[in-house]
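Trainee: I would like a close look at a single part of this model. Please take one helix and follow its contacts outward into the rest of the chain.

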Amino acid sequence: MPPATAAAGLAAPASALPAGLRRFNEADFGAAEEALLACCGSRRWALRLAVHRPYPTVSSLLAAASEASYDLSFTDLTEALADESSMPQPLLGMRAPGSQAAHTALQAAHAAYEARFGHVFVVSLDDCPAEEMLDQVLVSLRARLGNDPDEERSTAAEELRRIALHRLEHLVASHASAAT
């Protein structure tokens, strides 16, 4: 789409949209909502984004997602964090290369975090090289264990927003259908 068209807010023809965004925009409502829930486990967040389709650009979708993330209520954030903890995956950083001692320290830090704050630890590691991931998670966990609960909830909300945007970007850039 030419810059003038994008700046004017005019939508490009569906055929000019990136394939992933086009599939997302054209998916039935339930499929779009489920795809969004895989990005962020807040039903209100997913509903808000699904209702406002079609999006003229990936940037407009990401901006709407970011705005919706900032509008999460306490309950919405609790729901999204609970969804993160129910995902079948190892503790954050456990697959990263590192010594047994580092992995043991990581498990202990995750347990201490969950005991202190009542939810799973989330941190965006989008640009973190695999060989630095374990250290980055440990450093972040240890630093955030010193936060008071309100400060940590705010930090977790920001990290969840970054994670959701990354997942959403991947969703609309992928070749898989948003309807599956």
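Mentor: What follows starts with confidence, then takes helix H4 and works outward from there.

This is a predicted model. The protein chain has an average pLDDT of 86, and 81% of its residues score at least 70. Helix H4, residues 43-51, has the highest confidence in the chain, with a mean of 98. The lowest confidence is in helix H1, residues 3-7, where the mean is 40. Across residues 1-9 the pLDDT is below 50, and this stretch makes 6 contacts in the model beyond near neighbours in sequence. Where pLDDT is low, the predicted coordinates should not be read in detail.

Now the inward side of H4. Its buried residues are Trp45, Ala46, Leu49 and Ala50. Viewed down the axis of H4, these buried residues fall within an arc of 125°, so they line one face of the helix. The general reason is that an α-helix has 3.6 residues a turn, so residues three or four places apart point the same way. The buried residues of H4 pack against H3, H5 and H9.

Trp45 shows this in detail. Setting aside neighbours within four places in sequence, Trp45 contacts Leu36, Cys39, Cys40, Ala65, Ala68, Ser69, Leu72, Ala164 and Leu168. Trp45 also belongs to the largest nonpolar core, which has 47 residues. Along with Phe24, Leu36 and Leu168, Trp45 is among the residues with the most contacts inside that core. The elements that give two or more residues to the core are helices H2 (19-26), H3 (29-37), H4, H5 (58-70), H6 (74-86), H7 (100-117), H8 (130-144) and H9. Of these, H9 gives the most, with 8 residues. In soluble globular proteins, nonpolar side chains tend to be buried together.

H4 also takes part in charged pairing. The structure holds 9 salt bridges. One of them joins Asp76 to Arg44, with the closest N and O atoms 2.2 Å apart. Arg44 is in helix H4 and Asp76 in helix H6, so the pair ties together parts that are 32 residues apart in sequence. The two ends differ in burial: Asp76 counts as buried because its relative accessibility is 8%, whereas Arg44, at 43%, is partly exposed. In addition, Arg43 is linked with Glu33 and Glu34 in a network of salt bridges.

From H6 the chain of pairs can be followed to H9. Glu84 and Arg167 meet through their side chains in a salt bridge, at 2.6 Å from N to O. Glu84 is in helix H6 and Arg167 in helix H9, 83 residues apart, and the pair links distant parts of the chain. Glu84 is buried, at 5% relative accessibility, while Arg167 is partly exposed, at 23%.

H9, residues 149-173, also contains Glu152. Glu152 has a relative accessible area of 0% and is therefore buried. A salt bridge joins Glu152 to Arg144, the closest N and O atoms being 2.6 Å apart. In this pair both residues are buried. Apart from residues up to four places away in sequence, Glu152 touches Tyr113, Phe117, Arg144 and Asn147.

To return to the starting point, H4 has buried residues on one face, and those residues pack against H3, H5 and H9. Its Arg44 forms a salt bridge with Asp76.

Conventions:
Residues numbered from 1 in each chain as written. Predicted model: local features only at pLDDT ≥ 70, side-chain atom pairs only at ≥ 80, totals over all residues. Heavy atoms only, no water. pLDDT = per-residue confidence, 0-100. Helix = DSSP H or I, 4+ residues; strand = E, 2+ residues; numbered from the N terminus. Contact = heavy atoms within 4.5 Å. Buried < 20%, exposed > 50% of the residue type's maximum accessible area, 1.4 Å probe, protein only. Core = buried A, V, L, I, M, F, W, Y, C linked by side-chain atoms within 4.5 Å. Salt bridge = Lys/Arg side-chain N within 4 Å of Asp/Glu carboxyl O. Arc of directions from axis to C-beta.
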